[in-house]
Amino acid sequence: MKFLKIIYIFLKDLSLLKKNINHKISESSYKLTRILFMISDGLLLRLISYFLNLKSKPSESFSVGYIKFNAESKEDANYFHNQIINSRLINKEVKDQRVRLNGNSIDFKYYQEKNLMRLDINSEDILKDIKFTNFLLNEKWLKEVKNILGVEPYIIGVDSWITLPSPISINNYDEIGKVVSSQMWHRDCDNLRDIKLFTYLTDVKDENDGPFEFICNTHHFTFFNPFNYIMGFSGMRVGDDYIQKKYKKKIVSLYGNSGDSFIIDTRGLHRGKTINKKNFYRIM
């Protein structure tokens, strides 16, 4: 009976979306969308998009799945970095606190004691700053995203976070999921079709700095076996052993300077690599 109710809500959400593309779907429909993506490798979502008359291009049209842009302004990158360091957090353990500092740096010991390695910034603090909004609305991104999607793009979410070294020692890479699952290999399925822009606000020069990693061409429809996912139906996490066996030669580590940006189709397998450098943090 519960499953029938979920299906009913999902169909109702689709009907409302067909009338108004800005309709916010229910949590159960969101989870069902992710399950449909998993079991069909995105094919069912493409059929739903056709039903909604969404004319976006399929993900296969986006080459290897990412594009890099060099920083336009070091001064702006430094400004954004400092603003985020002074913003409020939304993590439940430290909700509404500002980033805790020890002298001129982050208080690593404080967050390690709280078992935190990802500090999520309150988006309100970002969006009220005109410099941030002007950066988000840069014609360079909008033009490129429009070309990738084939439709007029809309900004539907802005997030920023600070990544710290792991507070626990890990023997198997997948153990990092005990603290923050975004550092396991995974896919994103937040909407029927979307694309993401990532910007480094710290230098990420080598693998010890925790670069964003992407597996080229995995954003394509490839009949990916859903039984390769771990952590349940909504997690879309994939074990590191499987990735190393099947995709090792396709893994790309995205290095860059503070201010460098990347447009990425996060339907493709990706992760933020764990920082392996004492008292280092990464802002994205």
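This is a short conversation about how some labels in this predicted model are justified.

Colleague: Why is arginine 34 called buried?

Modeller: Its relative accessible area is 8%, and buried means under 20%, so arginine 34 meets the cut-off.

Colleague: What makes arginine 34 and aspartate 190 a salt bridge?

Modeller: Their closest N and O atoms are 3.9 Å apart, and the limit is a side-chain nitrogen of Lys or Arg within 4 Å of a carboxyl oxygen of Asp or Glu. The pair therefore qualifies. Arginine 34 sits in helix 2 (residues 27–40) and aspartate 190 in the loop between strand 6 (185–186) and strand 7 (196–199), so parts 156 residues apart in sequence are tied together.

Colleague: And why does aspartate 190 count as partly exposed?

Modeller: Aspartate 190 has 31% relative accessibility. Partly exposed lies between the 20% and 50% cut-offs, so the label fits aspartate 190.

Colleague: Which labels do the two partners in the salt bridge of glutamate 124 and arginine 88 get, and why?

Modeller: Glutamate 124 is exposed, because its 55% is over 50%. Arginine 88, at 22%, is partly exposed. The N to O distance in this pair is 3.6 Å. Both residues also belong to a salt-bridge network with Arg98, Asp125 and Lys128.

Colleague: How do you know that arginine 271 and aspartate 240 are both buried?

Modeller: Arginine 271 has 5% relative accessibility and aspartate 240 has 11%; buried means under 20%, so both pass. Their side chains meet in a salt bridge at 3.3 Å, N to O. This pair links strand 13 (residues 270–272) with helix 9 (residues 240–247).

Colleague: Cysteine 189 and cysteine 216 are buried too. How many disulfides does the structure have?

Modeller: A search of the whole structure finds 0. Cysteine 189 is at 1% and cysteine 216 at 11%.

Colleague: What makes strand 4 and strand 14 edge strands?

Modeller: Each has a single partner strand, so one side of each is left without a neighbour in the sheet. The open sheet has 3 strands in the order 4-5-14, with antiparallel pairing.

Colleague: How do you know that strand 4 pairs with strand 5?

Modeller: They are joined by 3 bridges, and pairing needs at least two, so they count as paired. Leucine 119 stands opposite isoleucine 162 in strand 5.

Colleague: Where else do those two residues appear?

Modeller: Leu119 and Ile162 are among the residues with the most contacts inside the largest nonpolar core, which has 31 residues. Helix 4 (74–85) and helix 5 (108–113) are among the elements giving two or more residues to this core.

Notes:
Residues numbered from 1 in each chain as written. Predicted model: local features only at pLDDT ≥ 70, side-chain atom pairs only at ≥ 80, totals over all residues. Heavy atoms only, no water. Disulfide = S-S within 2.5 Å. Buried < 20%, exposed > 50% of the residue type's maximum accessible area, 1.4 Å probe, protein only. Core = buried A, V, L, I, M, F, W, Y, C linked by side-chain atoms within 4.5 Å. Helix = DSSP H or I, 4+ residues; strand = E, 2+ residues; numbered from the N terminus.
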